[in-house]
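Hello,

Here is the structure I promised to pass on to you. Please have a look at it first, and then read my notes below.

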Amino acid sequence: MARYAWERPFVWFDDDFGLHSARREEFVHKRRHLTTALIHVDPGTGISAQHLSEAREAFGGNPRDAENSR
């Protein structure tokens with residue numbers, strides 16, 4: 001996933017946030033100049049409208065990321 005996302009804005013819906021927390025934090029830190037949304041999803045309910053709203057909100061205010069995603 002990190003190679004694919006590289007220098008592009010990125011959202012990831014994850015149902016296992018407890019696993020590899022140090023690596024997750026390092027990934028987000030390295031991408032602090034880009035919009036990076038890691039959103040926890042309950043595996044019992046799956047992705048909801050609230051999760052999609054969180055993703056839209058994360059990408060809503062960063063014009064640099066919009067340019068880079070083209």
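Helices (H or I, at least four residues) and strands (E, at least two) are taken here as DSSP runs, numbered from the N terminus. With that in hand, Val11 is found in strand β1.

A word on conventions first. This is a predicted model, in which local features need pLDDT of at least 70, side-chain atom pairs count only at pLDDT 80 or more, and totals for chains, interfaces and linings use all residues. Residues are numbered from 1 along each chain as its sequence is written, and side-chain values use heavy atoms, with hydrogens and water left out.

Now the overall picture. The protein chain has four helices and two strands, and from the N terminus on these elements run α-β-α-β-α-α. Of the contacts (heavy atoms within 4.5 Å) with a separation of 6 or more, 65% are between residues 24 or more positions apart. Buried residues (under 20% relative accessible area; exposed is over 50%, partly exposed in between, with a 1.4 Å probe and protein chains only) make up 23% of the 70 residues. The accessible surface (Shrake-Rupley method, 1.4 Å probe; for residues, only the protein chains shown count as cover) comes to about 5,300 Å², and 53% of that belongs to carbon and sulfur atoms.

How far can you trust it? The pLDDT (the predictor's confidence in each residue, from 0 to 100) averages 81 over the protein chain, and 86% of the residues score at least 70. Among the elements, helix α3 (residues 49-59) has the highest mean, 92, and helix α4 (residues 63-68) the lowest, 48. Over residues 65-70 the pLDDT stays under 50, and the model has eight contacts beyond four places in sequence for them.

Three residues caught my eye.

- Val11 is partly exposed, because its relative accessible area is 29%. Leaving aside residues up to four places away in sequence, Val11 touches Ala37, Ile39, Ala55 and Phe59. Its C-alpha atom is separated by 9.9 Å from that of Leu52, 41 residues apart along the chain.
- Thr36 is found in strand β2 (residues 36-40). With a relative accessible area of 19%, Thr36 is buried. Not counting residues up to four places away in sequence, Thr36 touches Phe10, Phe27, Val28 and Arg31. The C-alpha atoms of Thr36 and Ala55 are 9.3 Å apart, with their positions 19 residues apart along the chain.
- Asp15 lies in the loop between β1 and α2. A relative accessible area of 43% makes Asp15 partly exposed. Beyond residues up to four places away in sequence, Asp15 touches His40, Val41 and Pro43.

Finally, the pocket. Rolling a probe the size of a water molecule over the atoms shows where empty space is left. On a 1 Å grid over the protein atoms alone, a cavity is a set of points where a 1.4 Å probe fits but cannot get out, while a pocket is an open set with protein on both sides within 12 Å along at least five of seven lines; lining residues have an atom within 4 Å of a point. The largest pocket has a volume (the space filled by probe spheres set on the points, which are joined across faces, edges and corners) of about 500 Å³. The elements giving two or more residues to its lining are β1 (10-14) and α2 (21-30), and α2 supplies the largest share, five residues. In total, 19 residues line the largest pocket, and Met1, Ala2, Arg23, Arg24 and Phe27 lie nearest its centre. The lining divides into nine nonpolar residues (Ala, Val, Leu, Ile, Met, Phe, Trp, Tyr, Cys and Pro), eight charged (Asp, Glu, Lys and Arg) and two polar (the others, Gly among them).

Best wishes
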